[in-house]
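Welcome, and thanks for taking a look at this protein with us. Below is a short tour of a few spots that reward a closer look.

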Amino acid sequence: MKNILKTALLCVFVACVALSLAACQTDKGGANKTPGLKTYTNKDGEVILREYVPEEGKTVLEIPEEIDKIQAGAFKGNGTLTKIVVGSNVTEIGDGAFANMTKLEELVLPFVGQSAEAVNAAKTFGYVFGTEEYDEGVAVTQSYNASSTATYYIPKTLKKVTINAVGAAEEKDGQTTYAPYKLPNYAFHSISRLESVAIEGNVSEIGDYAFYNCYGMKGFKLPAAVEKIGAHAFEGCNRINDENKFVFAETESKLTEIGDYAFAGARFTELTVPEGVTKIGEGAFASVTTGVTVDQESKLEKVTLPQSLTEISKYAFFKCVNLTEVVYSDKLEVIGIGAFEYCDSLQLVKNKSSNEQVPADGKAGKIVVGASVLEVKAGAFANLGNEVIVYSIEKGAAAYTDGWNTNTKGLE
């Protein structure tokens, strides 16, 4: 009898252990976990979000203020959330934190990549989605410097991103302040499926190639705090056009510099560069060319340059074949090498105070070299008018470099 009882008790014990182990295994897999955010506190006192367990009926999630970092893979495989808001309290987001998400449509972040100070691959948008292939993900190969790339998988559903920018934290006199945020070089390079990217907050610079080949993006509003737009920053953004506009800050703009080829191949027809801009880089608004071939022609027709600009850089409007009118500063000093070369439709270039109008005759053109201009460099007005337009010129006292007017009728 005792043996039977012992055997029975042993069976009950084994069964209990087995059930406990099964329960632990199930919990580890997530099936029986309590819904919501799972966190822990590290040795530095930081609260780390390690995992999110879906909550019934919840599709929008705001990360609570007490969370400092998001661990790698925290939202991996989530198929319920359509929007996540990551606030300024979060200082770091792990590699692939949002990997394999299947319904995410909108994401709000305080920075691009791992952190406000991230470098190399960790500074790119794709970093937080990881490199693991999955059916509902789209492969995107992002450059992160001149010679290195990484391939990430972005949710097919993701269309809208907002960077509510927060720069690196700085401690001074017991107070925490935040440095101005620079949108990294290559930040959104080739993220072509995004339709909307909004940059908000204290952003001082748009990095080189930041939106290069983001051809799905519909319009863009430049924050007033931005001081510099980097080289090739918006090249290849084909859907930023007259319908989906690029909007410079109308008031309090701090913009002073537009980088080389920043808007090469621009698809909008009219441009007014804001006051305060003192430098426009090489080929900033040129057509995109390979040798003599135009790969993407600029659609620009009319350009107004600010009074603060003293030099039109070399090749600034090279092969802008649709350009008809340019109004420049009364303080302009230099018209650079090839600045308007091969502008087939150009009819009027003048300083702001000139009363000249675009000639009614489509076969007539007028070049006004204002009194402030000191130098017209080689090729500046070469090969204009596609041999159809005949030009006249108000020729100021500037020094004219040989070849400034090559093959342009009326300027021989």
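## A glutamate and its neighbours

Leaving out residues up to four places away in sequence, E106 touches T82, K83, I84, L158 and K160. Please keep in mind as you explore that this is a predicted model. E106 belongs to strand β7, which covers residues 106–109.

Is E106 buried or exposed? With a relative accessibility of 18%, E106 counts as buried, because the cut-off for that label is under 20%.

## An open sheet of four strands

Next, have a look at the sheet built from 4 strands. It is open, runs in the order β1-β2-β4-β6, and has mixed pairing. The edges are taken by β1 (36–41) and β6 (92–93); each has a single partner strand, so one side of each is left without a neighbour in the sheet.

How do β1 and β2 pair, parallel or antiparallel? Strand β2 (residues 47–53) and β1 run antiparallel to each other, joined over 6 bridges. If you would like a landmark in this pairing, find T39, which stands opposite L49 in β2. As a general reminder, strands of a sheet pair through backbone hydrogen bonds.

## Aromatic rings and charges

How many aromatic pairs does the structure hold? There are 26 of them. One of these joins Y400 and W404, with ring centres 4.9 Å apart and planes at 55 degrees, a tilted arrangement. It counts as tilted because 55 degrees falls neither under 30 degrees, for stacked, nor over 60, for edge-to-face. Both partners are buried: Y400 has a relative accessible area of 19%, and W404 comes in at 7%.

The ring of Y400 also has a charge over it: the charged end of K395 sits there, 4.7 Å from the ring centre. Another lysine, K319, lies over the face of Y342, at 5.1 Å from the centre of that ring.

## A glutamine in a loop

Our last stop is Q357, located in the loop that links β28 (348–351) to β29 (364–368). Q357 is exposed, with a relative accessible area of 58%, and the label applies because the value is over 50%.

Which residues does Q357 contact, leaving aside neighbours within four places in sequence? They are L348 and K350. The side chain of Q357 also reaches the backbone oxygen of N355, at 3.4 Å. For a sense of the backbone layout, compare Q357 with Q347: they are 10 residues apart along the chain, and their C-alpha atoms are separated by 9.3 Å.

Definitions and conventions. Residues are numbered from 1 along each chain as its sequence is written. This is a predicted model: local features need pLDDT of at least 70, side-chain atom pairs count only at pLDDT 80 or more; totals for chains, interfaces and linings use all residues. Side-chain values use heavy atoms; hydrogens and water are left out. Rings of Phe, Tyr and Trp (its six-membered ring) pair if their centres lie within 6.5 Å; planes under 30 degrees apart count as stacked, over 60 as edge-to-face and the rest as tilted. Buried means under 20% relative accessible area, exposed over 50%, partly exposed in between (1.4 Å probe, protein chains only). A charge sits over a ring if NZ of Lys or CZ of Arg is within 6 Å of the ring centre and within 35 degrees of the ring normal. Helices (H or I, at least four residues) and strands (E, at least two) are DSSP runs, numbered from the N terminus. Contact means heavy atoms within 4.5 Å. A polar contact is a pair of N or O atoms within 3.5 Å; within protein, one must be able to donate a hydrogen and the other to accept it, and residues adjacent in sequence count only if both atoms are side-chain atoms. Two strands pair if DSSP finds at least two bridges between them.
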